[in-house]
Amino acid sequence: MKPSTLNLTLFNIRILWRSFKIASWLGWQVESNWTDPFLFAVYSFVKPLSGAAILVVMYSVITKGDYDSPIFPYIYLGNAFYIYVGQLMNGISWAVIDDREHYKTLKYIYTAPIHYPTYLLGRGVASFLVASISVIVTILFGVFFLRLRIDLAQVDWLLFFSSILVGVNMLAMMGLILGGVMLLLVRHSWELGGMVASALYLFSGAIFPLDVLPPFLRPLGYLMPITYWLELLRRSLVGEVAQAFPTLSGLNNAQLMGILLALTAVFAILSRSVFRWCERRAKELGVIDVVTNY
Amino acid sequence: MRMKKSSGVALFIQTVIARAYPRVIGQQREKSWMFFEIFLPLLSVSAYVFVYRAIGAPEEYVGFVVLGGAMVAFWMNILWGMSSQLYWEKEQGNLALYIMAPNSMMAILLGMALGGLFATALRAVVIVGLGSWMFQVRYAIASFPQLVLVFFLAMVALYGLGMMTSSIFLLLSREAWHLAALAQEPIYLASGFYFPIKSLNFWVAMGASLIPLTLGLDAMRQLVFPAGDTFGFLSVPVEIGALVMLSFAFLLGAKLLLDYMERLAIREGRLTETRR
């Protein structure tokens, strides 16, 4: 049986579920049990709040604290939801390095009756939970201390939760692609996740409208599903404010969701192909359990 | 053939050179690391520059971001290449060899610092050069000797801090990774990497001045940008005086803390543990 090429029979669905469930539990233990709950909570709050505070200080210095301007919720919410991007993609892909080089268990995982890509997705669940805490805390901080106006009665909850659902799947697929590449990397694994996250941060219009980018760079932003995902999340929470920016104002919510779904499907197909190719190549090269001291 | 045995100052210097060597040579051999370590900070710098442009900031702020982005490289080197280095050495089994060898741990840390400083300085120069070219940053250096002095003192104090914290990491295990990660964004914020530190509350800025890059960066900004002095937190001479004090304090602290932590780690048997 080749674990990565399972067909969806009832028996195999059980294997997929078991792989996912156990990996989720394991991921949570790895993410959280390195310290006591208090320090873990501090760690989960301080990092994202500091990242947001850098932007808030930059913004308030220049605008003299004009938090009512529409650009403020644009920047703040984009930055808050971008936490999911870094956490999910890194959470899934870094599990390869963690298992292979840190715990040196990848070869045992490969010999166990589990489906490895599903296992990696399960490892991402813990990152999703940690990221969710960070996102909620960051947004609440904005609402209570920075006059970030989110009217709960006006929020388009259906759009919000459907965007979260599609977006998380999209990020998981992107993480799986990175995870596949990680299987082949021996000394550059450290930089890959950071590079992808930084590039997406720059080109997806997370913290500034795409129109600010030089014209020759803007097409990169339009190719990224994260651009549409962040726009949908902003529109669902602060509808009219988000639509004030010209970048995607020509598209309605249904069109944005359609583009996001299409790009997610593309990434899903791509992740399957890329992961299988990388996995086969890693086996051929004999680097599946290589230890390079990070 | 009988080998010449070094001791005292000669052994100290040889140890420093030996530990600095892989930092300098090893990194130049892996060309892709140079690419990543220059390209990655440039992406962050670009993102913050575009934020400033989106909110209509004066052009001086673009220069602040470029300079701050280059100095991030030094902080990252302190966190991952100095502070947590002894944790990595422990994970890889080298730490016990360091302790067993007849050389000074201070010499090993100093070698790591000098090697890391040299390799990081090369990258920082390229980041400043590329960032300045990409975003058309204009400089007007008020005093070149003061600029060199500020940079030198900031680096001495900063790497002294790195040597000091590395001894704390000697005792850590899996949490070392997370604690190093925790010291990224909060320090970027407190030290004003992307905005003048004067923008923060006075006492917050004073507290943040314990991190040498805070005052070093503030003084450098005052010295290299046309309107830099209007954004300064304290005057340059005061900041130079504070950096001198921080340099002495951190180097002395590194020596005392390393001796104490080494004894403690040996007594508690934590030099070879790997609590994965």
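Angles over 145 degrees between two helices count as roughly antiparallel. Keep that cut-off handy for this tour of a predicted model.

**Stop 1: two helices in chain B**

Select residues 144-169 of chain B, which form helix H7, together with residues 212-224, which form helix H11. These two pack at an angle of about 165 degrees, with their axes 9 Å apart. H7(B) and H11(B) are therefore roughly antiparallel to each other. Look at how they pass one another: the crossing is left-handed.

Now show the side chains. On the H7(B) side, pick out B:Gln146, B:Leu147, B:Val150, B:Phe151, B:Ala154, B:Ala157, B:Leu158 and B:Leu161. They meet B:Pro212, B:Leu213, B:Gly216, B:Ala219, B:Met220, B:Leu223 and B:Val224 of H11(B). Try colouring this contact by class, and you'll get 13 nonpolar residues, 2 polar ones and no charged ones.

**Stop 2: H1 and H6 of chain B**

Stay in chain B and select residues 105-135, helix H6. H6(B) has 31 residues and reaches 43 Å from its first C-alpha to its last, close to the 45 Å expected at 1.5 Å a residue. Click on B:Gln136, which follows H6(B), and check its phi: the value is positive, near 55 degrees.

Next, add residues 8-29, helix H1 of chain B. H1(B) packs against H6(B) at an angle of about 35 degrees, and their axes are 7 Å apart. The crossing here is right-handed. Residues to zoom in on include B:Phe12, B:Val16, B:Ala20 and B:Val24 from H1(B), and B:Ile108, B:Gly111, B:Gly115 and B:Ala119 from H6(B). What classes of residue make up this contact? There are 14 nonpolar, 5 polar and 2 charged residues.

**Stop 3: chain A as a whole**

Hide chain B for a moment and show chain A as a cartoon. You'll find 10 helices and 0 strands. Its C-alpha trace spans about 60 × 45 × 35 Å along the principal axes. A compact globule of 294 residues would have a radius of gyration near 19 Å, and chain A agrees with that, at 20 Å.

Select residues 116-145 of chain A, helix H5. At 1.5 Å a residue, the 30 residues of H5(A) should span 44 Å, and the end C-alpha atoms are indeed 44 Å apart. Just after H5(A) comes A:Arg147, with a positive phi of about 55 degrees.

**Stop 4: H2 and H3 of chain A**

Now for another helix pair: residues 37-63 (H2) and 71-102 (H3) of chain A. H2(A) and H3(A) pack at an angle of about 160 degrees, their axes 10 Å apart. That makes H2(A) roughly antiparallel to H3(A). H2(A) passes H3(A) in a right-handed crossing.

From H2(A), show A:Pro48, A:Gly51, A:Ala52, A:Leu55 and A:Tyr59. Opposite them in H3(A) are A:Phe72, A:Ile75, A:Tyr76, A:Asn79, A:Ala80 and A:Ile83. This contact has 9 nonpolar residues, 2 polar and no charged ones.

**Stop 5: where the chains meet**

Bring chain B back. Here 35 residues of chain A are in contact with 30 residues of chain B. Which elements of chain A give two or more residues to this side? They are H2, H3 and H7 (189-203) of chain A. H2(A) supplies the largest share, with 14 residues. Finish by colouring the side of chain A that touches chain B by class: 23 residues are nonpolar, 9 polar and 3 charged.

Key
Residues are numbered from 1 along each chain as its sequence is written. Chains are lettered from A and ligands numbered from 1 in the order in which they are written. This is a predicted model: local features need pLDDT of at least 70, side-chain atom pairs count only at pLDDT 80 or more; totals for chains, interfaces and linings use all residues. Two residues are in contact if their C-beta atoms, placed from the backbone, lie within 7 Å. Helices (H or I, at least four residues) and strands (E, at least two) are DSSP runs, numbered from the N terminus. Ala, Val, Leu, Ile, Met, Phe, Trp, Tyr, Cys and Pro count as nonpolar, Asp, Glu, Lys and Arg as charged, and the others, Gly among them, as polar. Axes are lines fitted to C-alpha atoms, for helices over the stretch in contact, and angles run from 0 to 180 degrees between N-to-C directions. Angles under 35 degrees count as roughly parallel, over 145 as roughly antiparallel, 65 to 115 as roughly perpendicular and the rest as oblique. A crossing is left-handed if the near helix is turned anticlockwise from the far one by less than a right angle, and right-handed if clockwise. The expected span of a helix is 1.5 Å times one less than its number of residues. The radius of gyration is taken over C-alpha atoms; the globule rule is 2.2 Å times the number of residues to the power 0.38.
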